[in-house]
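Dear colleague,

I am passing on to you a structure that you have not worked with before. Please open it alongside this message, and then read the notes beneath it at your own pace.

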Amino acid sequence: MSLRHFTDLSAVSEGDLRFMLTDAVARKERLKAGERSKPLEGKVLAMIFDKPSTRTRVSFDVGMRQLGGETIMLTGTEMQLGRSETIADTAKVLSRYVDAIMIRTTSHERLLELTENATIPVINGLTDDTHPCQLMADIMTFEEHRGPVAGKTIAWTGDGNNVLHSLLEASARFRFNLNVAVPEGSEPAQKHIDWSQANGGKLHFTRSPEEAVDQADCIVTDCWVSMGQEHRARGHNVFSPYQVNAKLMARAKPDALFMHCLPAHRGEEVTDEVIDGPHSVVFDEAENRLHAQKAVLAWCLGA
Ligand code: CP
Ligand code: NVA
């Protein structure tokens with residue numbers, strides 16, 4: 001079997017992504033039924049964090065344990081990486097010790113350099129550019145609540161960030177319509193738009209959050225300033241029209257879902273009444289990080 005990296009939704013086939021989602025649902029059911037099989041017994045996952053994390057860190061750690069494996073938690077600054085050992089040399093060394101690497105880092109190039117030099121699978125736990133594990137959990141959550149996502153309409157309102165980039169890729173891979181409302185100057189990177197459209201993504205861009213969410217099946221948002229992107233920070237007055245509040249939520253379909261990768265900045269991109277309200281599935285989404293990533297780990301490690 002050739003090496004299976006999970007760097008981006010665009011780098012994994014539609015068939016493999018669907019296989020993982022089906023597997024995630026089955027693993028979740030089996031876990032809830034009390035099954036405790038250990039397909040990754042003896043395997044070790046190294047986790048490198050160059051940025052903070054709650055969900056990614058805990059869900060990968062617990063997921064690996066539930067699969068019978070172990071994890072090693074590393075932070076870039078505590079490794080020799082922080083004293084300028086190259087990412088390529090780090091990849092070659094870790095490949096001699098562990099069975100897979102999950103990395104949360106800054107530039108996407110660091111992830112790709114690690115991937116190119118590792119002889120074990122590498123998983124993207126978020127970069128400045130994308131967050132594919134999040135989208136696996138998001139699609140799983142949508143389908144759990146509303147059935148197949150294909151042909152449905154998802155609306156994004158807020159900043160054109162890493163989560164939106166993966167959502168753009170997901171729209172092509174999972175065949176849903178994606179409406180995007182971002183303020184001028186906060187547009188997503190063109191390469192993700194181009195890739196999505198070239199692969200069948202049905203995208204609609206607007207400056208108007210009201211237009212984006214109109215009759216949508218799901219509204220998704222995220223923080224206005226991503227980790228390490230403080231230099232891109234723009235005034236709240238730029239983003240406040242993009243806030244998901246009850247008035248905006250009411251423009252979507254009556255049974256529309258609200259999703260947010262978390263952490264949420266309550267009162268900024270979303271109000272309490274929405275995130276704690278009947279449309280919100282944010283904690284199912286957080287839980288599904290665990291189940292979806294177990295399927296990613298099993299796929300990467302051939303379990
Ligand atoms: N959604 C997400 O990736 O959360 P963490 O930053 O807590 O890992
Ligand atoms: N866009 C956010 C996602 C956090 C999970 C960030 O990169 O900070």
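The notes below take up confidence, the two ligands, the annotated positions and some backbone details.

Please keep in mind that this is a predicted model, and that every value here is computed from it. The chain averages a pLDDT of 96, and 100% of the residues score at least 70. Within the chain, confidence is lowest in helix α9 (residues 236-239), where the mean is 89, and it is highest in strand β8 (residues 218-221), at 99. For the complex, the predictor gives an ipTM of 0.99 and a pTM of 0.97.

Turning to the ligands, ligand 1 is surrounded by S53, T54, R55, T56, L126, Q134, C261, L262 and P263. Sorted by class, this shell holds four nonpolar, four polar and one charged residues. Both domains contribute to the surroundings of ligand 1, since at least three residues come from each of domain 1 (9-130 + 289-300) and domain 2 (134-285).

Around ligand 2 one finds L126, N161, N162, V163, D222, C223, S226, M227 and C261. The class count for the shell of ligand 2 is five nonpolar, three polar and one charged residues. L126 and C261 appear in the surroundings of both ligand 1 and ligand 2.

An unreviewed UniProt entry places the feature "binding site" at N162, D222, S226 and M227. Although these positions are spread over 66 residues of sequence, they cluster in space, with a largest C-alpha distance of 11.6 Å. N162, D222, S226 and M227 also belong to the list of residues that surround ligand 2.

Two of these positions deserve a closer look. D222 is found in the loop between β8 and α9, and S226 is likewise found in the loop between β8 and α9. Is D222 buried or exposed? D222 counts as buried because 26 other C-beta atoms lie within 10 Å, where 20 or more are required. S226, by contrast, is partly exposed, because it has 18 other C-beta atoms within 10 Å. Leaving aside residues up to four places away in sequence, D222 touches G158, D159, N161, V163, H260, C261 and E269, while S226, on the same basis, touches N161 and N162.

Some backbone details follow. Most residues other than glycine have a negative phi, and most peptide bonds are trans. The peptide bond from L262 to P263, however, is cis, with omega near 10°. P263 lies in the loop between β9 (257-260) and α11 (272-275), and both L262 and P263 are among the residues that surround ligand 1.

Positive phi values occur at S84, where phi is near 70°, and at R175, where phi is near 60°; S84 is a residue other than glycine, as is R175. S84 is found in the loop between β2 (70-75) and α3 (87-97), and it counts as exposed because it has 6 C-beta neighbours inside 10 Å. R175 lies in the loop between α6 (162-173) and β6 (177-181), and it is partly exposed, because 17 other C-beta atoms lie within 10 Å.

With kind regards

How values were computed. Residues are numbered from 1 along each chain as its sequence is written. Chains are lettered from A and ligands numbered from 1 in the order in which they are written. This is a predicted model: local features need pLDDT of at least 70, side-chain atom pairs count only at pLDDT 80 or more; totals for chains, interfaces and linings use all residues. A residue is near a molecule or strand if its C-beta atom, placed from the backbone, lies within 6 Å of it. Ala, Val, Leu, Ile, Met, Phe, Trp, Tyr, Cys and Pro count as nonpolar, Asp, Glu, Lys and Arg as charged, and the others, Gly among them, as polar. Domain bounds come from an automatic or database domain assignment. pLDDT is the predictor's confidence in each residue, from 0 to 100. Helices (H or I, at least four residues) and strands (E, at least two) are DSSP runs, numbered from the N terminus. UniProt positions are given in the numbering used here, feature names are shortened, and annotations may be inferred rather than shown by experiment. A residue is buried if 20 or more other C-beta atoms lie within 10 Å of its own, exposed if 12 or fewer, and partly exposed in between; C-beta atoms are placed from the backbone. Two residues are in contact if their C-beta atoms, placed from the backbone, lie within 7 Å.
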